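The following paragraphs consider how helices are enclosed and how they pack against one another. Please keep the structure in view while reading.

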Amino acid sequence: MGSSRRTFVAGAAAAGGAIALGAAPVSAAPATAAGARGTGADTAPAGQTVAVLGGGVAGLTAAHELAERGFAVTVYEKRALGGKARSMDVPKSAKGGRRPLPAEHGFRFIPGIYHNLPDTMRRIPFPGNANGVHDNLVAPREMMFARTGREDLRMPIPWPGHQPAELTLDDVRRALTGLLETAANLPAHESAYFVNRALVFLTSCDERRDDTWERTPWWEFTRAARMSKDYQRILAIGVTRNIVATKAEEASTRTVGTLGEAFVLNALGRGADGPPDRILNAPTNEAWIDPWVDHLRGLGVDFRVGWTVREMRYADGKISAAMIEDPDGVRRTVTAGHYVCALPVEHARPTWNAAMRAADPQLARCDRLRTDWMTGIQFYLTERTPILHGHVKCIDSPWSLTAIAQAQHWPGRDFAADYGDGTAADCLSVDISEWDKPGILYGKTAKQCTREEVAREVWAQLKAALNDTGRTVLRDSALHSWFLDPGVDGIGTPNPTNEDELLIHPVGTLHNRPSAATRIPNFYLAGDYVSVDIDLATMEGANASARAAVNALLDRAGSAAPRCTVTPLFRPPEIEFLKRHDRTRYRLGLRNALDLG
């Protein structure tokens with residue numbers, strides 16, 4: 001994420017707010033037009049050559065599955081392998097033989113509801129790990145809802161083998177106060193009503209979910225407009241903005257309910273791959289992406305980084321070529337037997353011409369899919385932060401901030417000794433989910449702010465959420481520097497842009513999401529916008545869609561290779577008879593038996 005035309009803002013020290021700028025490097029692969037595996041795609045049968053367009057999680061997954069099955073694969077990636085999932089270096093931040101400070105588009109979160117992505121991770125070798133990079137996953141022990149002006153709600157995350165965080169009496173007092181305040185501010189009838197709504201969704205048949213609840217906003221489903229402010233902030237706005245990165249007023253109940261159901265079942269240990277909250281034990285590239293790329297190169301995958309897909313050529317009922325611009329700006333004609341489009345939807349759509357859209361109407365429907373900004377900023381601190389051992393959700397912050405202090409989760413790293421100039425001891429990684437509401441410091445939206453103003457505003461909102469009840473968690477004097485995702489450009493001007501937007505899920509989105517197999521016989525879609533069981537723009541969705549795309553390719557190529565396993569979300573068998581009963585009621589035009597309206 002980044003380009004040679006963009007500058008990176010690499011820090012604002014608390015004392016002076018100094019800004020360091022550095023140009024983004026572009027690494028180019030050999031400037032040849034055909035892909036290669038082993039002896040090269042030129043010597044492979046045409047039906048066995050695949051051009052994978054995009055090198056994010058979807059593209060790397062497709063390349064992985066295809067290479068294991070003997071296909072000649074070339075991956076074309078505009079900026080950097082790993083896409084939105086990768087970590088990156090803060091330019092000019094390394095001194096004394098240390099690595100650059102690690103930055104990222106947003107912190108990685110791999111919950112136990114994921115099954116397909118963890119399976120891939122187990123198949124990526126990592127020195128000393130029996131289960132590959134999967135063994136680099138660690139489970140935070142707790143989470144917190146940070147509330148401005150009131151005690152925060154701090155909760156443990158129990159799990160087999162769970163080691164609770166050590167608590168002082170003051171921590172216990174604060175936790176109980178936060179819990180009682182929340183309970184007291186949620187009238188009993190509101191709590192009971194929300195529980196009823198959860199049970200209605202849990203027992204709803206698939207047809208009702210796909211039709212009625214897909215057309216119903218979460219705000220309306222939960223009757224949030226009639227409820228208290230705490231109900232709205234925690235159960236309506238907090239759930240949608242911090243988990244599915246969309247607005248409660250327009251978010252599909254099917255999407256929010258499906259993920260909420262999955263997380264509850266995960267917390268109960270039902271059908272889970274692991275704990276409900278898992279993160280990596282090192283910067284993403286060190287723990288996952290770089291070993292993955294190395295493994296794929298060992299399988300013969302050829303990577304062309306710095307190559308930008310411009311358009312697909314369609315002739316005689318199939319894709320005849322891809323027009324791809326090399327790092328020198330020269331357009332090249334790339335041909336292959338099959339093409340897997342693994343670009344984000346906002347970058348994929350411009351490459352599909354009218355003939356392709358006519359050949360497969362689902363490509364045209366993708367124009368209705370919407371994306372929004374959810375972007376990360378990192379604060380580097382000269383001391384470890386005493387927040388908690390896990391994620392923080394600042395539910396009252398205007399910009400819907402979520403954060404995690406990372407150094408404590410990287411046991412194999414001495415942050416100050418390994419990164420930067422030796423004085424940064426921690427990285428507080430923050431996701432900004434709301435870019436269109438005024439902040440508390442400047443009264444401007446994030447898009448209207450300059451990069452430095454965004455950093456100062458986020459820091460102010462964090463302090464408002466965490467330093468508000470008698471304890472100083474974040475100190476200005478401890479702020480070493482900051483780094484805002486370089487994919488964000490032009491903020492503070494009339495035309496802000498973001499290279500890495502995220503698919504959001506307003507009502508009706510489900511019916512516009514395409515399948516991995518298109519009607520064009522040698523063209524396939526892989527990405528977090530493709531329709532898969534998880535119904536959310538996630539790394540798991542990207543991985544599952546790539547597996548589905550590979551399976552479709554194998555079918556059309558007549559391959560005898562085993563198909564990829566695509567694992568759906570867990571469905572508790574004891575609820576199925578209630579869903580069958582609801583299916584009968586739905587077909588009779590009746591509401592769910594538990595639905596009180």
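What span should the 12 residues of α1 have at 1.5 Å a residue, and how far apart are its end C-alpha atoms? The expected span is 16 Å and the end C-alpha atoms are 16 Å apart, which agrees; the expectation is 1.5 Å times one less than the number of residues. This is a predicted model, in which local features need pLDDT of at least 70, side-chain atom pairs count only at pLDDT 80 or more, and totals for chains, interfaces and linings use all residues. Residues are numbered from 1 along each chain as its sequence is written, and side-chain values use heavy atoms, with hydrogens and water left out.

Helix α1 is largely enclosed by the rest of the structure, because 11 of its 12 residues are buried (under 20% relative accessible area, 1.4 Å probe, protein chains only). Among them are Gly-59, Leu-60 and His-64. Just after α1, Gly-70 has a positive phi of about 85 degrees.

Helix α1 (residues 57-68) packs on helix α15 (residues 539-557) at an angle of about 40 degrees, with the axes 8 Å apart. That makes α1 oblique to α15 (35 to 65 or 115 to 145 degrees). Residues of α1 in the contact (heavy atoms within 4.5 Å) include Thr-61 and Glu-65, and those of α15 include Ala-546 and Arg-547. By class, this contact has nine nonpolar, two polar and two charged residues.

A second pair is formed by α5 (residues 206-213) and α8 (residues 253-267), whose axes come within 8 Å and cross at roughly 135 degrees. These helices are therefore also oblique to each other. Arg-209, Asp-210 and Trp-213 in α5 meet Thr-253, Arg-254, Thr-258 and Glu-261 in α8.

Definitions and conventions: Axes are lines fitted to C-alpha atoms, for helices over the stretch in contact, and angles run from 0 to 180 degrees between N-to-C directions. Helices (H or I, at least four residues) and strands (E, at least two) are DSSP runs, numbered from the N terminus. Ala, Val, Leu, Ile, Met, Phe, Trp, Tyr, Cys and Pro count as nonpolar, Asp, Glu, Lys and Arg as charged, and the others, Gly among them, as polar. Buried means under 20% relative accessible area, exposed over 50%, partly exposed in between (1.4 Å probe, protein chains only).
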